[in-house]
Amino acid sequence: MAGGTGSRLWPASRQLMPKQFLSLLGEQSMLAETLSRLEGMDCSDPVIICNEEHRFLAAETMRKCGQGNARIILEPVGRNTAPAIALAALAAGEDSLLLVLAADHVIKDHDVFQCAVTAAAESAKANSLVAFGVVPRSAHTGYGYIKAESIHKPSTIERFVEKPDAETAASYLASGEYFWNSGMFMFRAQAYLEELGRYRPEILESCRMAMADASKEMCFIRPEADTFSACAEDSIDYAVMENTDKAVVVPMDAQWSDVGCWASIWEISEKDDRGNVVRGDVIGWNSRNCYVDAGERLVATVGLENIVIVQSKDALLVAHRDSVQDIKKVVTHLQDKGRSEYLHDREVYRPWGKYDSIDFGERDQVKRITVNPGAKLSVQMHHHRAEHWIVVSGTARVTVGDRVSLISENESTYIPIGVVHCLENPGQIPLEMIEVQTGSYLGEDDIVRFEDQYGRT
């Protein structure tokens, strides 16, 4: 499950680049890490569920992970986890054994995780609906809880509990009868669909109809939009797990975290002798227990304690660690004001690569463009702007009107206003270019596409 908008980790995450596609704790994105922790297990090709607007990020992640046969289900709207999992169950086939994972979790002990999956498979094959219960390390108030007969072995679930207050969470921890609810599950597809049909038949019917009329393009599966949009919204916990008599919990003590905010990233990250977590070029003077991500610039801190600093190309966050949950209010404010910083960073990803808007004025804009090997931009034209392209590295095949030419390093070309043109990378290395736009209007909506291999015409 790779949906979500990632507002709690702004400014690193944005609506068009949520946390599951970011490398927050290592070299790989969180989605790639989710797949990597399954290495060595007998798994079929993954099924990814994400938003339509994130489809190319998901596809590129699958390509980099060597999962070119993955199926990517594109939800036209979010309807929470119960319908999302139903779509995956229908796509995988009712005889399939499903391991349901969130793409934005951290699990440090892969061996323990895989042992828990193996144990869960035995219960799931016996027609149980398995929830993975995390052995609690603290009285955390940000997680839901599961009460079970035992926290030491697979057990029948007695009840699910919402996020508690501090006193209640402390009592749960002291009792030794509760797990944290990880939001990860395992079951036979048919078993889940049967229980969903028993307790929320309208959700199952909407999902069956949407998948029956789904369209398929490359690796993408699009459930019929109107039918799925009319589906009720509900979580798997509320819709199924809290109602069924087939629910069991399997213990998992694998250093799990759902990375819900910057404070949780600080908690699970390696710290220096003053309790600081730093990424990038950071000078910390007399500062303690801080999280500092410098991005691409030097950040110096003096006399700070319990502060979060995150710098991106177009925004800077400074917050107290105890107040990071309020970052969502900043994102809402940006959205209400119509500012683009909630939606995307200065660097924007496209199916063919990415661009970075490094400078702009009233009638000019400069972008650094990266085109992946073998990728091709759409055949297009602009009504209001001309473009100058300078190749920094690699080779570009450029079409301007009826003329096709190869442009190499330190060479350039010019595309006049209103002329149909195309850019592609025929080489084996990324194509790096500088694009200078000039004209009366420079918005991204001044693009008329005539042909596009990514289905955007």
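**Notebook: a sheet, a core and a serine**

I began at V310 and found that its bridge partner in β18 is L317. I am working with a predicted model, where local features need pLDDT of at least 70, side-chain atom pairs count only at pLDDT 80 or more, and totals for chains, interfaces and linings use all residues. Residues are numbered from 1 along each chain as its sequence is written, and side-chain values use heavy atoms, leaving out hydrogens and water.

**The sheet.** I looked up β17 (residues 307-311) next: 5 bridges join this strand to β18, and the two run antiparallel. Strands here are DSSP runs (E, at least two residues), and helices are H or I runs of at least four. Two strands pair if DSSP finds at least two bridges between them. I then traced an open, mixed sheet of 4 strands in the order β13-β15-β17-β18. β13 (277-279) and β18 (316-320) each have a single partner strand, so one side of each is left without a neighbour in the sheet.

**The core.** Which residues have the most contacts inside the largest nonpolar core? I found W262 and L423, in a core of 59 residues. Such a core is a set of buried Ala, Val, Leu, Ile, Met, Phe, Trp, Tyr and Cys residues joined through side-chain atoms within 4.5 Å. Among the residues W262 touches (heavy atoms within 4.5 Å) are V310 and L317, the pair I started from.

**The serine.** Is S269, in the loop between α10 and β13, buried or exposed? S269 is buried, because its relative accessible area is 14% and buried means under 20% (exposed is over 50%, partly exposed in between; 1.4 Å probe, protein chains only). I also saw its side chain reach the backbone oxygen of I265 at 2.5 Å.

How values were computed:
A polar contact is a pair of N or O atoms within 3.5 Å; within protein, one must be able to donate a hydrogen and the other to accept it, and residues adjacent in sequence count only if both atoms are side-chain atoms. Lists of a residue's contacts leave out its neighbours within four places in sequence.
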